[in-house]
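Thanks for sharing this one. Here are a few notes to read with the model open beside you.

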Amino acid sequence: MKTAEISSLAERKMGDMAAALRQHCRPEALVAHGGRVKTIAAGHYTVTGLSRHVRLGEFVAHQSANGIHLGEVVRVEPDIIYVCPIEPGEPIGIGDLILRRGAFRLSPSDNWCGRTINSLGQPIDGLGPLDVGPRALSITNTAPPSMTRQRVTKGFKSGVRAIDIFSPLCLGQRLGIFAGSGVGKSTLLSMLARADAFDKVVIALVGERGREVREFIEDTLGENIKKSVAVVATSDESPMLRKMAPLSAVTIAEHFRDEGHNVLLIVDSVTRFAHAIREVATASGEPPVARGYPASVFTEMPKLLERAGPGPEGTGSITAIISILVDGDNHNDPIADSTRGILDGHIVLDRSLAEEGRYPPIDPLASISRLARKAWTPDEEKLVSRLKSLIHRFEETRDLRLIGGYRPGADPDLDMAVKQVPPIYEILKQSPGDRPARDAFADLANALKNANAQQGVAPNMIRQR
């Protein structure tokens with residue numbers, strides 16, 4: 001590429017950044033105060049002259065010969081502030097001018113549906129500029145007060161049989177999908193994104209592989225793209241952009257919620273959000289407290305997750321489905337353990353089930369929905385309890401049966417488990433290309449009825465509904 005073309009691309013990029021600055025930062029802050037760069041280090045730089053005029057989490061603008069670059073204030077001292085730049089490798093020099101720009105805000109609009117944007121609210125799909133909505137919302141909003149929120153009362157069908165039977169979901173619930181790398185989190189999220197129960201869908205792809213972004217949006221969402229907004233920060237982007245992506249996504253979801261819509265918020269993954277916070281905090285000098293994670297990670301995670309859920313009376317709800325990347329398949333690592341205590345349920349994906357070819361590899365015994373009783377009927381609750389008992393009996397005697405220690409007729413419950421659990425496992429298999437299940441319990445009843453007919457067993461455990 002010629003030097004003139006490179007220069008032209010750089011100028012356009014700086015122009016886009018300046019436009020985003022004017023659109024998304026408070027107008028009253030655009031003129032405000034200025035300071036000068038004092039020191040420069042990997043991951044941050046320090047500024048003098050702004051300590052009395054900025055607040056933690058506000059944005060500043062670095063004005064260089066190449067244009068305007070945004071940065072977030074991550075530490076404030078009496079005579080100096082620490083700033084993490086949004087763009088990695090931006091040209092910063094000692095003495096460069098830094099201007100205060102205030103809180104970063106988005107102005108979402110209903111016309112954003114069908115669009116793909118970055119963490120700064122800029123379109124990256126080549127479909128032209130975005131409309132500016134009527135309200136400018138800070139991406140660091142707080143959750144609604146607890147006593148003003150609606151109660152969760154209504155379940156919905158996700159279309160995934162393993163979830164609808166064993167861990168059913170409700171509108172306004174916050175669910176975590178826990179799994180190691182390569183087990184199938186993103187695939188399961190793509191299946192859940194097709195649920196028909198929602199008016200709007202907001203997706204945050206945090207630290208995602210750039211190759212998979214178009215595949216997820218174009219192939220997975222399909223017709224649902226018309227009611228969806230995707231916020232993308234790929235793995236090669238700066239930690240600041242990866243940190244901002246979920247915050248921007250939940251801000252857009254709050255806009256739709258306040259208009260009375262039922263919104264599905266998908267974040268893949270919150271672990272990469274935590275990694276981005278760790279990178280920013282470490283660069284600013286914050287010490288680690290738990291396996292390399294600083295304390296700010298465990299402060300920011302609840303702030304993000306609590307913003308999802310049912311809205312105040314008279315508004316809609318945000319149903320959040322969050323993926324958690326379990327480091328080394330250790331489900332007790334700090335991020336997984338902290339997140340599990342905040343969410344309203346967790347789906348556990350088992351690597352051994354994936355190796356057996358059972359997809360989605362959901363462990364029905366380890367997965368829990370804390371709001372399941374609001375979605376089950378009393379009969380369904382009794383049935384699921386019985387199913388779990390049979391599955392547990394089947395799994396705990398696996399070694400015994402493999403060595404030939406099982407004798408039919410000695411244990412009626414084990415006999416029932418041996419006959420019923422394999423067809424249960426079979427009906428729970430589902431691929432992204434399959435049509436979403438309309439009635440998971442009816443599908444289960446039919447599968448058991450057919451299996452019992454082939455075995456010559458009376459279907460006394462479950463009846464066709």
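1. Let me start with one residue pair: Gly34 sits across from Leu99 of S6. The strands around this pair are S1, covering residues 34–41, and S6, covering residues 97–102; they run antiparallel and are joined by three bridges.

2. Now the wider sheet. Six strands close into a barrel, and going round in order you will meet S1-S2-S5-S4-S3-S6, with antiparallel pairing. On average, neighbouring strands of this sheet are turned by 45 degrees against each other, direction ignored.

3. Please keep in mind that this is a predicted model. The average pLDDT of the protein chain is 87, and 91% of the residues reach at least 70.

4. Two stretches deserve some care. Over residues 1–15 the pLDDT stays under 50, and the model gives this stretch seven contacts beyond four places in sequence. Residues 25–31 also have pLDDT under 50 throughout, with 16 contacts beyond four places in sequence. Where pLDDT is low, the predicted coordinates should not be read in detail, so I would not lean on the particulars of those contacts.

5. On to the empty space inside. How many cavities of 30 Å³ or more does the structure hold? There are three, and the largest cavity contains about 50 Å³ of space.

6. Which residues line that largest cavity? Among them are Ala162, Leu353, Pro360, Pro361, Ile362, Tyr425 and Leu428, together with Arg358 and Lys429. By class, the lining has eight nonpolar residues, two charged and no polar ones.

Key
Residues numbered from 1 in each chain as written. Predicted model: local features only at pLDDT ≥ 70, side-chain atom pairs only at ≥ 80, totals over all residues. Heavy atoms only, no water. Pairing = 2+ DSSP bridges. Helix = DSSP H or I, 4+ residues; strand = E, 2+ residues; numbered from the N terminus. Axes fitted to C-alpha atoms, helices over the stretch in contact; angles between N-to-C directions. 1 Å grid on protein atoms, 1.4 Å probe; cavity = no way out; pocket = protein on both sides within 12 Å on 5 of 7 lines; lining within 4 Å. Points joined across faces, edges and corners; volume = space filled by probe spheres on them. Nonpolar A, V, L, I, M, F, W, Y, C, P; charged D, E, K, R; others polar. pLDDT = per-residue confidence, 0-100. Contact = heavy atoms within 4.5 Å.
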